[in-house]
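Got the viewer open? Here is a walk through the model, with something to select at each stop.

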Amino acid sequence: MKELSYLNRFFGTYKWRLLFGLIITVIATLFRIIVPAKIGDSVDSVQKKFNGEITAEMLQSELLENILLILGAALLSGFFTFLMRQTIIVVSRNIEFDLKNVVFKQYERLSLSFYKQNRTGDLMSRISEDVSKVRMYAGPALMYSTTTVTLFIVAISYMIYTAPLLTLYAVAPLPILSICIYRLSIAIHKRSTVVQQYLSKLTTFTQESFSGITVIKAYGIEGRTQFDFEELAHASKDKNIDLTKVQALFFPLMVLLIGASNLLVVYVGGNQFIEGKIELGTIVEFLIYVNMLTWPVAIVGWVSSMVQQAEASQKRINEFLKEEPEIVNNTTEPSKVEGTIAFNDVTFTYPDTNITALKEVSFTIPRGQTLAIIGNTGSGKSTILELITRLYDVTQGTYSVDGAPALELNLEDLRNAIGYVPQDAFLFSDSIKNNIKFGAKDATDQEVIQSAKQAAVHANIQEFTNGYDTVLGERGITLSGGQKQRVSIARAFIKNPKILLLDDCLSAVDTETEEEILQNLETFSKDKTTIIVSHRVSSAKNADFIIVLEEGQIIQQGTHNELIDQQGYYQELYNKQLLEKEI
């Protein structure tokens, strides 16, 4: 249970409510204990009447008194049981809420390389299924454990006080049960871990299949995908069955041992009654107590199973909680970002692939100017933008903003000063309006419309039935590629950032729309530091400065007019695209 020690901080937060819940649990259990004793007294009263020791009127009075006590105890036990569940189970839900928030916050802290090494389905499984398993330990397991311990202590103490020898025979099977539970718990722990791992694999497969359904249908591989899913589902089913087989041993074993206890109570108690050592009501009491202990004994197995599964789940959660982000905020002091960016002999190697994307790259962009980056696929263009936003840190060399090393700036302030339009535009399953306002949540509707106009997507949005209130499908599937890119550009525009990064975000729009957006951009970015990554000369020609990358190195740099007069990549690209436009 060492992995579950992580939850102690949450138990500390709710310690008084938990203590109150545990006290109520003990009270509810004590009232339950009264019922068998009063039933035994009633049987003894009936026996006394048959023996002529009391009159019918006295019997009637005693039975009425016992019935009222039994009824009162049952009602009070039920009332306190209700309070018990309202207290402990609610606390477990609060702990579940807190733990999910801790896990989600950790996911947000972790660096980009973490998400390249872990699948989305597995991350989802840990924050949903695994946290739910842990909640069972923090709530039901704790509640039922307290009930069981209280019931055993009080009931068995009373039984020993009433009839020591009979108690010894009644509880004789319990040590055997404890040993069996211990052995079964070890097996459950191992199999629970495997089951959770397969659940993650299944979640990952289905999530990827749903996200890539367009590709699956386009390639006509539904059958193959279905076969792969069935194979994984069968493996998961087999592992669950293996776990269930072990868990299924609990209840039959308990019923057998409780039945043995009943037989011993009847046999030994009957002999003692014949010998005049105990009353008939004592046998009835013991039978009720033994059967009352059936559920707590069964709970021991169930709780043991819950704890083992929770431990396996918390272990998987802790693996991620112990991860440290590679990108950290090195200062809590606020940093004012104006927008002058400088790379000095920057070399960068991706940690997950060991591919060197940039080699000794140097350039400076003064505040308010525009830099265009041109190059083939894989030349390192997008890597520069990822380094500027500190999604990664440079391997060698220095990256500075306004003359200060980026590592010394407040990370939140740096990113708040940046408007970033990624190459693969990502939109959320929300309204178009809210997707644009993602860049500035307090923006007015007029500001949303203005940003959409600047991104040349306003006319398209108006054509939708619900306009800006149109709810998009997952990942913005409702829109075309060009529309998604333009909504993403509008999101960056509405933020009004100091630094604007555009990563080949006009690749899916036509030439006329591109020209409109670039004209709007020229006006919008007059006082902003802008970096445009593109394959098109048309997107780069108006930039104050252009660099050409090839295999992570700068092979050409200058203005548009300077580069078209130089033999090399830029001139060839310009002539090729000019010819295509004429054709």
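## Stop one: charged pairs

Searching the whole structure turns up 14 salt bridges. Bear in mind as you click around that this is a predicted model.

Start by selecting Arg-126 and Glu-319, which form a salt bridge with their closest N and O atoms 3.1 Å apart. This pair links distant parts of the chain: Arg-126 sits in helix α5 and Glu-319 in helix α12, 193 residues apart. Which of the two is buried? Arg-126 is, at a relative accessible area of 8%, whereas Glu-319 counts as partly exposed, with 41% relative accessibility.

Now add Asp-130 and Arg-316, whose side chains meet in another salt bridge, 2.8 Å from N to O. Asp-130 belongs to helix α5 and Arg-316 to helix α12, so this pair ties together parts 186 residues apart in sequence. Try a surface view here: Asp-130 is buried with a relative accessible area of 0%, and Arg-316 is buried with 6%.

Next, pick Glu-338 and Arg-367, where the side chains meet at 3.5 Å, N to O. Both are in loops: Glu-338 is between α12 and β1 (341–349), and Arg-367 is between β2 (356–365) and β3, so the salt bridge ties together parts 29 residues apart in sequence. Arg-367 is partly exposed, with a relative accessible area of 48%.

One more selection before moving on: Arg-93, Glu-96 and Lys-100, which are joined into one network by salt bridges that share partners.

## Stop two: the helices and their cores

Select Leu-7, Phe-11, Ile-95, Leu-99, Tyr-137, Val-303 and Ile-317 and show their side chains. These are the residues with the most contacts inside the largest nonpolar core, which has 36 residues. Colour the helices that feed it: α1 (8–13), α2 (15–50), α3 (56–109), α5 (120–162) and α12 (294–321) each supply at least two residues. Which helix gives the most to this core? That would be α3, with nine residues.

Another core, of 32 residues, lies apart from this one; Ala-37, Ala-155, Val-171 and Ile-278 are among its members.

While you are here, run the distance tool along α2. Its end C-alpha atoms are 54 Å apart, which agrees with the 52 Å that its 36 residues should span at 1.5 Å a residue. Just after α2, look for Gly-52, which takes a positive phi of about 80 degrees.

## Stop three: an antiparallel sheet

Switch to cartoon and select β1, β2, β4 and β5. They make an open sheet of four strands in the order β2-β1-β4-β5, with antiparallel pairing. Its edge strands are β2 and β5 (404–405), each of which pairs on one side only. Zoom in on β1 and β2, which run antiparallel and are joined by six bridges. To find your place in that pair, select Val-346 and its bridge partner in β2, Val-361.

## Stop four: strand β8 and its partners

Move on to β8 (residues 529–534), a mostly covered strand: six of its six residues are buried. Look along the strand to see the two directions. Thr-529, Ile-531 and Val-533 point one way, Thr-530, Ile-532 and Ser-534 point the other way, and all are buried. That fits the general pattern, since side chains in a regular strand alternate between the two faces of the sheet.

What does β8 pair with? Strand β3 (residues 370–375) pairs with β8 in the parallel sense over five bridges, and Ile-374 stands opposite Ser-534. Strand β7 (residues 499–503) also runs parallel to β8, joined to it by five bridges; here, select Leu-500 and you will find it opposite Thr-530.

Now bring in helix α19 (residues 511–524): β7, α19 and β8 together make a right-handed β-α-β unit.

## Last stop: Gly-558

Finish at Gly-558, in strand β10 (residues 553–558). Is this glycine buried or exposed? Gly-558 is buried, with a relative accessible area of 2%. Leaving aside neighbours within four places in sequence, Gly-558 is in contact with Phe-545, Ile-546 and Leu-563.

For a sense of scale, zoom out and select Lys-49 as well. Gly-558 and Lys-49 are 509 residues apart in sequence and 114 Å apart in space, C-alpha to C-alpha.

Key: Residues numbered from 1 in each chain as written. Predicted model: local features only at pLDDT ≥ 70, side-chain atom pairs only at ≥ 80, totals over all residues. Heavy atoms only, no water. Buried < 20%, exposed > 50% of the residue type's maximum accessible area, 1.4 Å probe, protein only. Pairing = 2+ DSSP bridges. Right-handed = clockwise from strand over helix to strand, strands pointing away. Core = buried A, V, L, I, M, F, W, Y, C linked by side-chain atoms within 4.5 Å. Expected span 1.5 Å × (residues − 1). Contact = heavy atoms within 4.5 Å. Salt bridge = Lys/Arg side-chain N within 4 Å of Asp/Glu carboxyl O.
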